[in-house]
Amino acid sequence: MIHSHIHVFIEVRDQKLMDVSLELLHEANELKKQYKNKGIDQKVIALLLGYQIQSMIETCYRFGADEVIVVDHEKLMYPTSQHTTAALVQCINQFHPEVLLIGATVVGRDIAPRVAAEVATGLTADVTILEVDPLENSNLLLMTRPAFGGNLYGTIICPDTFPQMASVRPSVFIKKEYHKPVVAPIHVTVNFDQNDWIEVVQRYHKPEQAIDLSKAKIILSAGRGVESCMDIVLETAHLLKATLGASRALVDRGVVSKVNQVGQTGTTVRPSIYLACGISGALQHTAGMDQAQTIIAINTDEQAPIFSVATLGIVADAKEVLLKLKEYI
Amino acid sequence: MNILVLVKQVPNTTEMKINKEHGTLMRQGVESIINPDDLASVEFALTIKDEQPDTHVRVISMGPPQAKSMLTDLYGLGVDDCVLISDPSFSGADTWATSNTLAAAISRYPFDLILAGRQAIDGDTAQVGPQVAQRLGIPQITYVKQIESVTSTHVTVSKHYEDYIELSRCKYPCLLTCLSEGTSPRLGRIEYIWRSLDQPITVLSNQQLQLDPSRIGLKGSYTKVKRTFVRPIETKGQMIVQDIELAAKTIADILKKAAS
Amino acid sequence: MEQKYTQIRSFASTFAETYVKPLASEIDEHERFPEETVKKMIDCGMMGIPYPQNLGGSGADTMAYVLCVEELSKVCATTGVILSAHTSLASYPIYAFGTDYLKTTYLMDLNTGKKLGAFGLTEPNAGTDASGQKTVAIKQGDYYLLTGSKIFITNGIYADTYIVFAMTDASKGTKGISAFVVEKGWEGFTFGKKEKKLGIRGSSTCELIFNQVKVPKENLIGQEGQGFKIAMSTLDGGRIGIAAQALGIAKGAFEEAVTYTKSRRQFNQPISNFQHTQFILADMATSIEAASLLVYQAAKAKDTQKNFSKEAAMAKLFASETAMKVTTQAVQLLGGYGYTREYPVERMMRDAKITEIYEGTSEVQRMVIAASVLR
């Protein structure tokens with residue numbers, strides 16, 4: 001059996017195409033280049049599953065698909081573990097992909113394992129780095145992913161079975177317009193089991209989420225030094241998709257709510273990035289954040305204790321730095 | 001009603017520290033805990049048992065013999081039975097081989113509902129639940145935040161997507177993977193804890209399960225770990241003094257690097 | 001320590017960290033009884049730890065109960081005494097001396113947590129000298145008419161079931177005292193002054209007032225005239241609970257002191273580097289260790305049904321004085337911070353004091369111990 005080409009599952013929910021699928025089309029093109037350097041020709045093939053998705057075929061070509069395979073069925077209006085799995089399994093059995101990439105969305109993480117088990121192949125979850133093995137004697141896909149809460153990275157291979165499957169974390173890669181020539185897509189008909197496993201009683205939007213500092217990946221934390229420019233702090237936090245943190249001093253002064261307080265008497269945090277603005281860094285504060293992966297501290301006082309735990313220390317007015325930072329984002 | 005809960009003992013990754021000087025992971029002294037999403041599943045099962053006392057809750061775990069201490073703790077919460085799948089030949093398994101093994105053990109017991117955690121905090125794959133469901137040929141609902149109702153034939157749950165929620169109903173048998181967010185697991189009851197050490201834990205090795213050695217453990221895994229490494233840590237103490245332009249640019253670079 | 005006790009301690013410690021510690025400062029500040037914590041204790045089956053399962057209890061033992069009081073008190077002495085007064089003072093006399101009727105009617109509900117218990121012995125003029133009881137119970141047909149008042153009653157207005165001591169025959173002195181089970185809500189039973197206290201400020205302490213309260217004769221515990229014996233026997237056990245509370249307070253303050261002295265830097269080094277600090281910490285640790293041995297010895301003695309008056313008195317005497325000493329030293333080690341309410345050690349110091357006073361002052365413990373060694 002010959003397995004070829006890089007297939008990308010295009011996730012569509014209620015006729016809305018998910019960004020991660022377009023990101024994967026671009027990444028598939030990057031892999032295609034790497035294969036090409038090894039003398040292997042691979043096509044980027046979009047597996048477009050949904051209902052009344054005619055208009056999205058063009059989008060796939062625009063964002064980098066060489067070919068598009070379409071399964072258009074009412075049951076696929078919203079992806080389901082039953083129908084989406086069945087459709088993907090049929091595509092795999094029909095087209096024998098060498099690589100299959102799936103966005104690690106709630107949907108992707110639901111169906112990818114089931115599909116992999118169904119076709120008896122390996123699956124690597126939540127991949128953040130994809131690469132074709134640079135070694136001469138191997139053409140395997142190297143799938144690198146974080147484990148142990150992001151403390152450790154592992155590079156995984158799937159040496160004996162096909163497709164080599166990965167679910168890929170959203171927003172890790174960028175999408176890019178290719179405007180590839182539009183060719184007629186291949187339509188696949190799937191006969192689903194008559195009985196639906198699951199009955200969706202209701203579907204509704206999520207209410208606003210309460211903030212949880214302990215789980216935040218990026219924290220922009222404010223201290224007395226930025227009390228006068230909280231508007232800029234909040235705007236920057238929004239821009240960086242960061243959660244707002246604060247020193248006890250600022251909370252005690254009623255500028256910021258207690259739920260935002262970082263430190264011994266507040267929340268202990270360990271984000272990947274902690275950006276401390278105008279915080280001097282009393283022990284009671286640093287004890288709650290010194291396990292952050294990267295600590296950036298901005299303070300006008302060169303002697304501020306916060307600099308002793310900082311990965312990057314910036315001696316300057318935090319307001320000016322934040323204003324300048326906006327230009328770079 | 002019979003509920004099976006799949007649980008895993010994991011290192012407490014939030015306690016794990018990185019030696020920033022050597023760029024290594026410090027695992028010594030890190031305690032082993034029950035995986036948080038799995039504990040939420042146990043809580044869901046026991047909540048059902050609170051309301052329907054004839055419910056039988058059986059916990060199944062796969063891991064080394066040390067995992068028995070976790071199962072003893074679960075007896076302290078009030079589960080009815082604990083099973084540990086343990087055999088050196090099962091170790092090193094990827095999610096596929098793990099699911100094969102779990103499915104074989106599960107088939108020995110009656111069940112209406114199987115509950116599992118969404119994902120384990122050590123591997124973070126979220127694959128074992130769905131793959132067990134596939135091996136057993138039963139429906140799955142993943143990302144369950146709440147079990148809304150349980151009848152003699154159906155379970156209704158709310159499943160959380162990124163931006164919306166589905167209220168879904170499914171007939172038994174089925175498998176749910178549960179989220180820990182928002183649950184506050186019980187801590188146990190004194191009378192259960194007092195008895196917990198005397199409760200038997202069934203250990204299943206491959207002598208009982210009789211699985212083909214080529215389908216279990218490291219040998220039975222389709223994926224292999226080629227290498228592992230620790231994320232390089234920025235060296236501590238780079239200082240930028242009064243250069244706003246450079247400061248902003250450096251911060252932006254760090255942010256971009258972190259996003260990739 | 002046996003593994004089952006390790007399991008119990010681990011549970012109690014998690015319970016304390018999860019539910020009790022977050023409230024400790026606030027209930028002290030606002031003198032608020034933590035009803036939500038009691039609800040959680042009920043959910044966890046903590047209200048009848050040493051009593052049999054057929055009476056609604058957990059079927060564990062005094063040692064397990066002591067470990068729970070200790071772990072609770074480590075983070076909040078108020079919560080520790082709520083459990084101690086309920087288990088040792090209210091449930092015990094019914095368990096040890098009550099009829100089957102009293103056990104099924106009252107002990108069952110106390111053990112499951114459906115009812116909270118309290119114990120009323122002390123009166124304005126009858127503290128250490130219990131024979132000065134002014135509360136009287138006069139038998140009239142199927143009832144006793146109870147009149148008088150009790151003060152400093154722990155769990156005060158939040159309890160449902162009260163063990164009340166009263167004179168049934170004043171001419172016999174302590175031999176004329178009898179014990180009764182009294183329910184909240186009975187006609188003539190009201191609450192008086194709510195005390196404002198130095199410590200354990202979340203605990204409800206108030207006066208019970210009885211005005212011609214009709215107590216059914218079935219609610220007499222034991223025989224008429226056995227009240228003093230019942231009270232003394234109950235207090236022997238209660239002292240182990242208070243000793244455990246004191247031990248917990250001392251351990252809590254010690255942990256705070258260790259954490260602080262390791263992180264507080266003066267003269268460019270952690271103050272734990274200074275030998276003075278080290279010597280104080282060493283003395284604290286040694287006293288705590290000694291106290292714990294006495295407390296666990298007393299618990300074991302009670303579990304093995306030996307006479308344990310002396311062991312209980314020694315445990316309470318030593319543990320409570322250790323608590324006072326250790327908490328005072330902890331405040332000193334934390335300096336200005338220790339004196340503020342930002343840190344818990346000042347609260348622990350205030351809480352510690354009561355352990356030298358209630359359920360027999362340190363002086364009473366010395367009397368008990370002396371009587372035993374001079375026998």
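In which order do the six strands of the open sheet with parallel pairing stand? The legends below walk through this predicted model, beginning with that sheet.

**View 1. An open sheet draws strands from chain A and chain B.** The order is S14(A)-S13(A)-S15(A)-S16(A)-S17(A)-S15(B), and the pairing is parallel. Look for strand S14 (243-246) of chain A and strand S15 (238-241) of chain B at the edges: each has a single partner strand, so one side of each is left without a neighbour in the sheet. On average, neighbouring strands here are turned by 15 degrees against each other, direction ignored.

**View 2. Strand S17 of chain A meets S15 of chain B.** Residues 312-315 of chain A form S17, which pairs with S15(B) in the parallel sense over four bridges. To find your way in, start at A:Leu312, whose bridge partner in S15(B) is B:Gln238.

**View 3. Helix H5 of chain A packs on the sheet.** This helix spans residues 230-239 and touches strand S13 (218-222), S14 and strand S15 (273-277) of chain A. The direction of H5 makes about 180 degrees with that of S13(A).

**View 4. Helix H7 of chain B lies across strands of both chains.** Residues 244-259 make up H7, which lies across S15, strand S16 (294-299) and S17 of chain A, together with S15 of chain B. The helix runs at about 160 degrees to S16(A).

**View 5. Chain B in context, with its seven helices and 15 strands.** Along the principal axes, its C-alpha atoms fill a box of roughly 70 × 40 × 40 Å. Of the 260 residues in chain B, 47% are buried.

Technical notes
Residues numbered from 1 in each chain as written. Chains lettered and ligands numbered in written order. Predicted model: local features only at pLDDT ≥ 70, side-chain atom pairs only at ≥ 80, totals over all residues. Helix = DSSP H or I, 4+ residues; strand = E, 2+ residues; numbered from the N terminus. Buried ≥ 20, exposed ≤ 12 C-beta atoms within 10 Å, placed from the backbone. Pairing = 2+ DSSP bridges. Axes fitted to C-alpha atoms, helices over the stretch in contact; angles between N-to-C directions. Contact = placed C-beta atoms within 7 Å.
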